[in-house]
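These notebook entries record what I looked up in the structure. I began with model confidence and then turned to helix packing and a single lysine.

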Amino acid sequence: MPASSHSQGRWGESPRDKHRQDKDFQEKPLLNSLRTKLTLSMLITSLAAISVMALITPWLLEQRFISEAKDVHFKRFVRAIEEFRQEHGEWGGLQSALLINQYLSSRPARNLPPPGRRPPHPNPPASSLADNFRFVLADQQGYIFLPFFEYELGQQLTTEQLQQATPLWSGGELVGYALSGGEMPLTEQDKSYLMIQSRSMLIGAAAGLAVTLLLSLTMGSQLVKHMRALTRAAIEMSKGNLNQRVQVAGKDEVALLAREFNRMAQELSNTYAELKASNETIKAQAEALQELSLRDELTGLHNRRYFNQQFRMLHHQAIRYQDTLALALGDIDNFKQINDRYSHQIGDAVLKQVAALMQEEIREADILARYGGEEFVILMAHTDKHQAEGLVDRVRAKVEAWPWEKLAKDLQVTISFGISDKLDSDLGHSMLVEADNRLYQAKDLGRNRVCV
């Protein structure tokens, strides 16, 4: 059997072409490469996480340790100041700084450095870090009452030094400043404590990361399985087989990808139907817009544009098949006076009502249109002017008899018509001219009449 006799795929591919594509596609090597890359990626990520933790954990612990020790020390400073204020009743200024210095000398606060200059101890005892902190204390105005390092008793700190100092608060009130100098020393006991904490955290982190790596490998195998299903479905879709679905349970990213893939496949499968429906909708909307463009907005009748289209067609058919065609031009009598006397709103109401009365009387096959202003036109196929005269006269009588007092007091409305059935090969121009002449004749004879 020749190759051309094989059934074709969606995109014009023969089964032989599809078999060649499947053979060329090396699925297992691709997925094995994916599994290898995924495993290496997780291993490198885990090692990187352990390395980062090993580098920053000791520093973070030390900073946290120092910060908490400072907080404890600052609370003791504040208590000492509160005790002084309770006994002396005043706080702030040079004299107050000198007094609290004497007060602390006679009654040193617990764990508070004694006043006066004191160089760092060359061999600090192995105690807690709080016992090795050294601070310069000043009141809220910057006067030093507990000197240390190169600072003097009663010296006032500069604005720059106060900005570097730590504010001391008591019940929301600023009561002083604590200024540290030099590096904060760590005792051997402190260093040992920090090392134990760091090692414990690193061991725990390493164990956690090992478990994470094991779980990641297990999940990676499941991921590769799902990716294999997605890959196969994508290959089938590339061949034109759009009815592809991938079953992946769960709420993770792969399941989300599978759901999106299924949604995309469904949308592609429905593309033709949706486009067809869309085209039908557009066609209906275009027809509706065309209909609106051929309608008179006020009366709802067809407009002059529509009449011209139908007139050319019916006139041509009447001449070709030697048939009859009648045309009636109507004009509301004294319409300008109605507008001037009763307002344009009443005039519009009259136009709408006349249009409604004419629609009730004409036949289904007749064409009624607003020709312009207060003029109307009726086109009657298979009708001569004498047959048309009877129909048009019924329209005239119905307009005259309608109770126009409903619109305005003493309002009377009549209409005059001119009719022609003249068929010449001039695209209907002579018929329009004759009907217009007959309309003027009806006006000259007193209006409210039909002239043929």
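**Confidence.** I noted that this is a predicted model. I found a mean pLDDT of 80 for the protein, with 75% of its residues at 70 or more. I then looked for stretches of low confidence. Over residues 1-13 pLDDT stays under 50, and the model has 20 contacts beyond four places in sequence for them. Residues 114-132 also stay under 50 in pLDDT, and here I recorded 36 contacts beyond four places in sequence.

**Packing of H10 and H11.** I looked up helix H10, residues 344-361, against helix H11, residues 385-401. Their axes lie 9 Å apart, and the packing angle is about 140°. Angles over 145 degrees would count as roughly antiparallel, so I entered H10 and H11 as oblique to each other. I recorded their crossing as right-handed.

I next listed the residues that meet. H10 contributes Val354, Leu357, Met358, Glu360 and Glu361, while H11 contributes Leu391, Arg394, Val395, Lys398 and Val399. By class, I entered six nonpolar and four charged residues for this contact, and no polar ones.

**Lys385.** I then turned to Lys385, which lies in helix H11. Is Lys385 buried or exposed? I found a relative accessible area of 25%, so Lys385 is partly exposed. Leaving out residues up to four places away in sequence, I listed Ala326, Ile419, Asp421 and Val452 as the residues that Lys385 touches. I also checked Thr324: Lys385 is 61 residues from Thr324 in sequence, and their C-alpha atoms are 8.8 Å apart in space.

Note on methods:
Residues numbered from 1 in each chain as written. Predicted model: local features only at pLDDT ≥ 70, side-chain atom pairs only at ≥ 80, totals over all residues. Heavy atoms only, no water. pLDDT = per-residue confidence, 0-100. Contact = heavy atoms within 4.5 Å. Axes fitted to C-alpha atoms, helices over the stretch in contact; angles between N-to-C directions. Helix = DSSP H or I, 4+ residues; strand = E, 2+ residues; numbered from the N terminus. Parallel < 35°, antiparallel > 145°, perpendicular 65-115°, else oblique. Left-handed = near helix turned anticlockwise from the far one by under 90°. Nonpolar A, V, L, I, M, F, W, Y, C, P; charged D, E, K, R; others polar. Buried < 20%, exposed > 50% of the residue type's maximum accessible area, 1.4 Å probe, protein only.
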